[in-house]
Amino acid sequence: MAEVEFERALERMFARAPDVADAESFADRVQRRLDRGWAARRLLIGSAGVVGGVIGASQLIMSNLFSRAEAASSESARVLTTGVRQIAPQADWLFSRPAGVETIWVAAGLAVLALGFVLTRIIEEI
């Protein structure tokens, strides 16, 4: 029984913060320090971002990434063109039907819509 009374007494003591005479001036000093530091923080974060961006861009330029991407892009375009040329004769039956191209676009639109529903469901589950 004594423990319950002791716990209640502790709860009452800590339910309200004690009043301090200089609480207002302390809060003002802290607020001024925080406000003064924001300008320095903004400047420091901005300059660090610029320096990081310059270093990253120089690394990309020096590693010939763009020429490699262009070579990979032209190679993939050649492979894709070859694949389309092989598939085109087999797909003639689809395009020869009435409204063949429109059917493909409707099917693609429905697939995108279904993908949107699936993503929405996954996001809701998370």
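1. The nonpolar surface patch draws on two helices of this predicted model: α2 (23–62) and α3 (65–87) each contribute at least two residues to the patch. The largest share, 3 residues, belongs to α2. The members of the patch are L60, I61, M62, L65 and F66, and together they make a nonpolar surface of about 540 Å².

2. One of the patch residues, F66, deserves a separate remark. F66 is located in helix α3. Its relative accessibility is 54%, so F66 is classed as exposed, the cut-off for that class being over 50%.

3. Helix α2, which supplies the largest share of the patch, merits inspection along its length. The helix has 40 residues, and at 1.5 Å a residue the expected span is 58 Å; the C-alpha atoms at its ends lie 57 Å apart, in agreement with that expectation. A kink of about 25° is nevertheless present in α2, with its centre on W38. Beyond the end of the helix, N64 follows α2 and has a positive phi, near 55°.

4. As to the overall fold, the protein contains 5 helices and 0 strands. Read from the N terminus, the order of elements is α-α-α-α-α. Of the 126 residues in the protein, buried residues account for 2%; a residue is counted as buried when its relative accessible area is under 20%. The exposed surface of the protein comes to about 11700 Å², of which carbon and sulfur atoms supply 67%.

5. The charged contacts can be stated briefly. The count of salt bridges is 1. The partners are E125 and R121, whose closest N and O atoms are 3.3 Å apart, and the criterion requires a distance within 4 Å. In general, side chains of opposite charge can pair when their charged atoms come close.

6. Where does this pair of E125 and R121 lie? Both residues belong to helix α5 (residues 100–125), and they are separated by 4 residues, about one turn of the helix. An α-helix has 3.6 residues a turn, so residues three or four places apart point the same way.

7. Finally, are the partners of the salt bridge, E125 and R121, buried or exposed? E125 has a relative accessible area of 56% and is therefore exposed. R121, at 51%, is likewise exposed. For both residues the relevant cut-off is a relative accessible area over 50%.

Technical notes. Residues are numbered from 1 along each chain as its sequence is written. This is a predicted model: local features need pLDDT of at least 70, side-chain atom pairs count only at pLDDT 80 or more; totals for chains, interfaces and linings use all residues. Side-chain values use heavy atoms; hydrogens and water are left out. A salt bridge is a side-chain nitrogen of Lys or Arg within 4 Å of a carboxyl oxygen of Asp or Glu. Buried means under 20% relative accessible area, exposed over 50%, partly exposed in between (1.4 Å probe, protein chains only). Patches are made of residues with over 30% relative accessible area and no salt bridge: like charges are joined within 9 Å, nonpolar side chains (Val, Leu, Ile, Met, Phe, Trp, Tyr) within 5 Å. Accessible areas come from the Shrake-Rupley method with a 1.4 Å probe; for residues, only the protein chains shown count as cover. The expected span of a helix is 1.5 Å times one less than its number of residues. The bend at a residue is the angle between axes fitted to the seven residues ending there and the seven starting there.
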